[in-house]
Amino acid sequence: MPRAPFGASIHLSVIGDLPLPSIRSQMSAKLGEILVRENLISPQHLREALDYQREHGGRLGFNLVKLGLISDDMITAVLSRQYGIPSVNLDLFKIDPAVLSLIPQEVAQKHSVLPLSRVGATLTLAMVDPTNVFAMDDVKFMTGLNVEPVVVAEGSVQQAIAMYYGSSREIELASVTVDEAVHQNGSKGSNGSGAITKDDLVSLDSLDFDHGQAEDVEVLEDNEEIDLSTLSRMSEDAPVVRLVNVLLVDSLRRGASDIHVEPYEKELRIRFRIDGVLYDVMHPPLKMRDALISRIKIMSKLDISEKRLPQDGRIKIKVKVDSRSRELDFRVSTLPTLFGEKVVLRLLDKQNLMLDMTKLGFEPESLVKFKRNIAKPYGMVLVTGPTGSGKTNTLYSALQSLNTVDTNIMTAEDPVEFNLPGINQVQMKEQIGLNFAAALRSFLRQDPNIVLVGEIRDFETAEIAIKAALTGHLVLSTLHTNDAPSTISRLMNMGIEPFLVATSVNLIQAQRLIRRVCKDCKQEHQTPVEALIEVGFSSEEAKAIKTFKGKGCSTCNNTGYKGRIGLYEVMEITDEIRELILIGASALELRKKAIEDGMITLRESGLHKIRLGVTSPEEVVRETVA
């Protein structure tokens with residue numbers, strides 16, 4: 001967001017009073033006529049400016065200013081009044097490079113526009129001519145965002161375009177990735193907001209990699225000798241190697257779970273997912289795209305010549321952080337897109353693996369149910385939720401608590417994320433026919449006590465897993481469903497008979513991850529009573545409850561949130577629920593009965609976290625439905 005001093009903030013609400021058709025209808029009102037009508041220039045001055053315009057070209061307003069007949073500020077004030085759109089002074093703003101990159105320099109110069117800020121799906125656009133609907137349509141089509149115009153002087157917008165876009169041809173890299181900046185600023189940009197600004201960008205070749213940040217990254221397991229093509233030579237260039245090393249180390253320092261390398265037609269974007277939310281980190285020059293992606297593919301032992309098909313690999317590195325060596329795993333996935341391969345690296349950091357179930361965020365009664373059912377000698381326990389909801393962590397925690405010398409535990413995973421001593425883990429390899437169904441068949445000949453199936457994706461896997469659960473094995477697995485009751489319907493839609501589901505499934509748990517309020521900048525925040533009632537609190541509790549938010553500090557990168565906690569919906573399959581499953585009850589009927597039996601829903605789990613001051617109502621609403 002742009003930073004303006006007190007008294008210079010933009011109030012865009014007035015734009016809502018002026019729909020686009022109204023702006024279109026006023027296009028006929030010429031600027032010159034308006035200025036004459038308001039006695040800001042004389043008719044003679046207007047004729048003089050029009051003659052000058054015919055001879056030299058350019059906009060009328062620009063020529064009036066050039067001839068000294070009126071000031072820029074007066075023209076913007078008139079346009080602001082005429083069209084009900086705010087006017088701004090660009091000198092008071094510092095524009096985020098991430099926002100600036102939404103519009104190419106050619107488009108900005110062609111239409112005399114400049115992106116100022118982005119909030120959600122709305123882009124605030126500085127325009128010389130707010131009636132230029134063609135410019136707005138171009139920007140809307142290019143960015144996919146709604147456009148809200150503000151009026152600026154033509155001279156100032158041209159100066160701003162030259163200033164902001166002038167240095168974009170250099171090789172740029174965010175200086176916050178340098179070790180020193182991380183220590184001094186807590187991974188913040190110079191504006192203190194966590195967003196990387198123009199002042200934070202430095203030349204790649206001038207980076208000073210202190211404390212061995214780049215040089216101390218060692219790729220474990222030597223790569224095989226490859227035929228050095230032009231592509232592989234480019235990937236071994238020092239700037240590219242250093243950039244990849246900095247990315248890997250900085251993702252660890254910032255607490256990121258994923259790195260996204262995304263090529264587009266005119267830019268290369270790199271984002272980090274921190275606490276479940278993606279943040280723009282840097283925009284390396286587009287010409288580095290092939291070399292950067294090839295370097296990552298070489299490190300993860302992927303085929304750099306194959307660009308038409310998705311590939312999966314792994315990078316294992318040893319890195320020195322704060323004088324300590326740490327081994328890190330990155331799971332790498334490449335996907336061909338329109339303008340090159342998108343690469344996502346998932347950081348698998350053992351130190352962040354929480355295997356203590358009491359610290360995951362379970363409500364006490366939900367944890368008792370979960371522990372009771374994973375301790376049963378046979379049956380099925382299913383954990384559901386979207387990607388990134390912590391299902392793997394929950395299952396690993398369960399396995400760790402069951403991992404004893406007298407128990408044979410076998411897992412089929414795709415991929416194996418963490419190595420757990422004492423547990424037999426098998427990596428799926430679809431290309432040679434080793435899928436979940438094939439692995440499960442083999443497991444049943446290996447005398448297992450407990451079997452974990454990474455995911456039930458099809459009828460064949462579901463059928464074998466249920467048969468295993470019915471023949472004396474405890475089966476743990478995951479599904480992708482929205483809540484616990486709908487998992488029953490999902491299994492039946494796969495083709496599993498109701499009586500098999502009813503007799504094999506012991507417990508279904510749905511879960512989500514929400515962000516914690518930062519402990520270092522946590523403060524009480526007044527939430528309207530109506531909003532709390534809408535979230536799910538009773539009217540009495542809504543009046544009495546205290547809600548908290550993070551103010552923003554260096555610890556949380558100025559977001560107000562640090563770390564995540566789970567929301568859990570644990571549905572134990574009781575005899576009454578089994579009877580409902582046998583007669584083909586709907587998910588709604590199952591949900592109603594489970595709540596009667598004491599099931600805490602995802603929303604209720606979120607309300608409990610709000611009561612404890614752990615999270616904010618906004619986070620609970622973002623991840624759950626009432």
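Half of this chain is tucked away: buried residues make up 50% of its 626 residues. Keep in mind that this is a predicted model. The chain has 25 helices and 21 strands, and a search of the whole structure turns up 27 salt bridges. Here is a tour, from the overall picture down to single residues.

**The chain overall**

- The accessible surface adds up to about 29,500 Å², and carbon and sulfur atoms hold 51% of that.
- Among contacts with a separation of 6 or more, 67% are between residues 24 or more positions apart.

**The seven-stranded sheet**

- Seven strands form an open sheet with mixed pairing, and their order is β15-β14-β16-β17-β13-β18-β21.
- The edges belong to β15 (424-427) and β21, each of which pairs on one side only.
- From one strand to its neighbour, the sheet turns by 20 degrees on average, ignoring direction.
- Helix α17 lies across β13 (379-384), β16 (450-453) and β17, and runs at about 135 degrees to β13.

**Strand β18 and its partners**

- β18 is mostly covered, with twelve of its 13 residues buried.
- With β13, β18 pairs in the parallel sense over five bridges; valine 383, for one, has glutamine 509 in β18 as its bridge partner.
- With β21, the pairing is antiparallel: ten bridges join β21 to β18 (residues 505-517).
- You can follow the β21 pairing residue by residue: leucine 507 stands opposite glutamate 572, arginine 512 stands opposite leucine 567, and leucine 513 has glycine 566 as its bridge partner.
- If you are looking along these strands, remember that side chains in a regular strand alternate between the two faces of the sheet.
- β21 is an edge strand, yet nine of its twelve residues are buried, so the rest of the structure largely encloses it.

**Salt bridges around arginine 591**

- Side chains of opposite charge can pair when their charged atoms come close.
- Which residue forms a salt bridge with aspartate 483? That is arginine 591, and the closest N and O atoms are 3.2 Å apart.
- This pair links distant parts of the chain, 108 residues apart: aspartate 483 is in the loop between β17 (474-479) and α18 (485-493), while arginine 591 is in helix α23 (residues 587-596).
- Arginine 591 also forms a salt bridge with glutamate 569, where the closest N and O atoms are 3.7 Å apart.
- Glutamate 569 is in strand β21 (residues 561-572) and arginine 591 is in helix α23, so their bridge ties together parts that lie 22 residues apart in sequence.
- Are glutamate 569 and arginine 591 buried or exposed? Both are buried.

**Other salt bridges**

- Arginine 441 and glutamate 460 meet through their side chains in a salt bridge, at 2.4 Å from N to O.
- Those two residues are 19 apart and sit in distant parts of the chain, with arginine 441 in helix α16 (residues 436-443) and glutamate 460 in helix α17 (residues 459-470).
- Arginine 441 counts as partly exposed because its relative accessibility is 38%, and glutamate 460 is also partly exposed, at 34% relative accessible area.
- Elsewhere, Glu262, Arg269, Arg271 and Lys342 are linked in a salt-bridge network.

**A nonpolar spot on the surface**

- Tyr264, Leu338 and Phe339 make a nonpolar surface patch of about 320 Å².
- Within that patch, where is leucine 338 placed? Leucine 338 is in the loop between β11 (324-337) and β12 (340-348).
- Leucine 338 counts as exposed because its relative accessible area is 76%, where the cut-off for exposed is over 50%.

**Valine 621**

- Valine 621 belongs to helix α25 (residues 617-623).
- With a relative accessibility of 43%, valine 621 counts as partly exposed.
- Leaving out residues up to four places away in sequence, valine 621 touches Val535 and Arg603.
- Valine 621 and arginine 603 are 18 residues apart in sequence, and their C-alpha atoms are 8.1 Å apart in space.

Terms used:
Residues numbered from 1 in each chain as written. Predicted model: local features only at pLDDT ≥ 70, side-chain atom pairs only at ≥ 80, totals over all residues. Heavy atoms only, no water. Salt bridge = Lys/Arg side-chain N within 4 Å of Asp/Glu carboxyl O. Helix = DSSP H or I, 4+ residues; strand = E, 2+ residues; numbered from the N terminus. Buried < 20%, exposed > 50% of the residue type's maximum accessible area, 1.4 Å probe, protein only. Pairing = 2+ DSSP bridges. Patch = residues over 30% accessible without salt bridge, like charges linked within 9 Å, V, L, I, M, F, W, Y side chains within 5 Å. Areas by Shrake-Rupley, 256 points an atom, 1.4 Å probe, with all protein chains shown as cover. Contact = heavy atoms within 4.5 Å. Axes fitted to C-alpha atoms, helices over the stretch in contact; angles between N-to-C directions.
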